[in-house]
Each structure stands twice: as C-alpha cells, then as structure tokens.
Amino acid sequence: MKRIESNKNPQIKQWKKLHTKKERDKSRTFMIEGFHLVEEAMKSDVVIQELIISETTDIPSGWNVDDLSITIVTEKIMQEISDTDTSQGVAAVCEQYSVNEGGKFSRLLLIDAVQDPGNLGTMIRTADAAGIDAVIIGEGSVDVYNSKVIRSTQGSIFHIPIIKENLHNTILKLKQNGIKVYGTSLKNAVDYKQASVGNPFALIVGNEGNGVEPDLLEKTDQNLYIPIFGRSESLNVAVAAGILLYHLR
C-alpha cells in the first residue's frame, strides 16, 4: 500500500491525463470513480491496475483487495484527479479490454456516430438490461472510455461486450451469418411494429442530428421508424434504441 501527499507527484499528473482520449488511447487504460463503478469492475474480468482511496475513506469490508495495488491519497488530491464535482473518495485505473469479434452473438446493437456521452452510456446500459449480446461501436462515436459515458452506463460497461468495428464490415458479416439487420430511418422505412420479433437481429441507431449514415441504411434488410403522435419532431436516440431493442428482443 502506497501513500501520496504531494500533488506534484508524477503519478498524479499521469492520472489526470486519463481525462483525455489521447492519453487513454496511448496508455490503453481508463479511470473510473465511485463505489458502485469500482465494485462492478472488481466483479468483472477487467484488470484493475490501481485502486485509489482517499485518506478519509474506508474500503468496504466486502471488497477483496488482497491482490490489488492500492494508493492512499489526500482529500485534496482525490478531488484534483476526480472528474466529478464531489468525489466519493474512491477511484480505480483499469486496463482497456478487447473482445473477440468472432464471438457467437445473435442480438446486437450497432451505434453509428453517436456523439453525446450520456446517450452512448444510456444505450449500453439499456442493451445490457434488454439482454443484448454485444454493442458494436462504429467510427465517429464518442470514446466509450469517456468518464461521462462510463458513469451513464451505471456499471453495464463491465457486463456486456463492447466492440469497436467498421459498421459496413459488421453488417456484411452479420448478413452472411443469417442475422437480420434493421436500420432506423424516417424515410423508406416501416412502422417498427411490423418487424418480426424473437429472431437473431442487429439494430443500427445513428447520430443525434443526422441519423444513420445513408450508405449503411442501404445495406440493411429493413429500416424501421417509431411513430410520433405528438408535436415533437423526433425521439432521443437512446429512448428510441430502448423501444426498438425491447420490441425486437
């Protein structure tokens, strides 16, 4: 167990850099904060490089930390490395994990260029709740290891495989494996209630402003829309994903 009391310590500077995508990509690590997220990480297969505890915080008695590297820091340092207004006094540095793309997935959510961290995190959480096998994230989306994304998942980031992959290639492979691919669009689409349910499927949802890339929509088996009964022009992408995933599921 180590102790750090100076905010000029090189380790502190390194942890603070993890708030940037550049450093997360370079180090292949990311930081999580709060008791719930750290506990979910400990119950998963993710590698925890360092458990960071404020000097005024007690490690929960139920946590097995025998094999973890632990660093005690001052309250001031904990707040300095925190990405939240009020730190819970516990954080962890985890290794980014990779998933075998060859896994046998029969229900998938594909995400095309979703840029809001809250939306991406909520969709990962919803996919987890709906029993989806994996989430495939295409180019142009916000970094899945962004702290706001991680908080929005409420721990589901540790429950469900998340794969970064070119969606054009993904669709091709899915259709070769007999998995029906649904797009989401307001044009050349049918009411989602007309879609068959209970079968292997992949659902594509897209960017908050532009929707799913047109070239991707041309590759789908069928495109779906959700009727709007009020005066709103559209649904939030995370809400729409939830409705469609539960219907198709």
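Here are some notes on the strands, salt bridges and surface patches of this structure, which is a predicted model.

1. Start with the sheet, as it gives you a frame for much of the rest. Seven strands make up an open sheet, and their order is β8-β7-β6-β11-β9-β12-β10. The pairing is parallel. At the edges you'll find β8 (162-164) and β10 (190-191), each of which pairs on one side only.

2. For a look at one pairing inside that sheet, try β9 and β12. Strand β9 covers residues 180-184 and strand β12 covers residues 222-225, and the two pair in the parallel sense over three bridges. Which residue of β12 is the bridge partner of Tyr182? That's Gln222.

3. Now the salt bridges. Side chains of opposite charge can pair when their charged atoms come close. How many salt bridges does the structure hold? The count is 11, and the next points pick out some of them.

4. One of the salt bridges joins the side chains of Lys16 and Glu80, at 2.9 Å from N to O. Lys16 sits in helix α1 and Glu80 in helix α4 (residues 75-81), so this contact ties together parts that are 64 residues apart in sequence. Lys16 is partly exposed, at 33% relative accessibility. Glu80 also counts as partly exposed, with 26%.

5. Next, have a look at Asp143 and Lys164, whose side chains meet in a salt bridge of 3.6 Å, N to O. Asp143 belongs to the loop between β7 (134-137) and α6 (147-153), while Lys164 is in strand β8; the pair links distant parts of the chain, 21 residues apart. Lys164 therefore places this salt bridge on an edge strand of the sheet, since β8 is one of the edge strands and the lysine lies in β8. Are these two side chains buried or exposed? Asp143 is buried, because its relative accessibility of 7% falls under the 20% cut-off. Lys164, on the other hand, is partly exposed at 46%.

6. A third salt bridge brings together the side chains of Asp221 and Lys175, at 3.9 Å from N to O. Here Asp221 lies in the loop between α8 (214-217) and β12, and Lys175 lies in helix α7 (residues 167-176), so the contact ties together parts that are 46 residues apart in sequence. Both ends count as partly exposed: Asp221 has 40% relative accessibility and Lys175 has 37%.

7. There is also a network to look for. Arg3, Glu5 and Glu55 are joined into one by salt bridges that share partners.

8. On the surface, check the lysines. Lys8, Lys13, Lys17, Lys22 and Lys26 gather there in a patch of positive charge. Helices α1 (10-17) and α2 (21-27) are the elements that give two or more residues to the patch. Where is Lys8, then? It's in the loop between β1 (2-4) and α1. Lys8 is exposed, because its relative accessible area of 66% is over the 50% cut-off.

9. Finally, a patch of another kind. Ile228, Leu235, Val239 and Ile243 form a nonpolar patch on the surface, and together they have about 270 Å² of accessible area. Val239 is a handy one to click on: this residue lies in helix α9 (residues 237-248) and is partly exposed, with a relative accessible area of 43%.

How values were computed: Residues are numbered from 1 along each chain as its sequence is written. This is a predicted model: local features need pLDDT of at least 70, side-chain atom pairs count only at pLDDT 80 or more; totals for chains, interfaces and linings use all residues. Side-chain values use heavy atoms; hydrogens and water are left out. Patches are made of residues with over 30% relative accessible area and no salt bridge: like charges are joined within 9 Å, nonpolar side chains (Val, Leu, Ile, Met, Phe, Trp, Tyr) within 5 Å. Accessible areas come from the Shrake-Rupley method with a 1.4 Å probe; for residues, only the protein chains shown count as cover. A salt bridge is a side-chain nitrogen of Lys or Arg within 4 Å of a carboxyl oxygen of Asp or Glu. Lys and Arg count as positive and Asp and Glu as negative; His and the chain ends are not counted. The place of a charge is taken as NZ of Lys, CZ of Arg, CG of Asp or CD of Glu. Helices (H or I, at least four residues) and strands (E, at least two) are DSSP runs, numbered from the N terminus. Buried means under 20% relative accessible area, exposed over 50%, partly exposed in between (1.4 Å probe, protein chains only). Two strands pair if DSSP finds at least two bridges between them.
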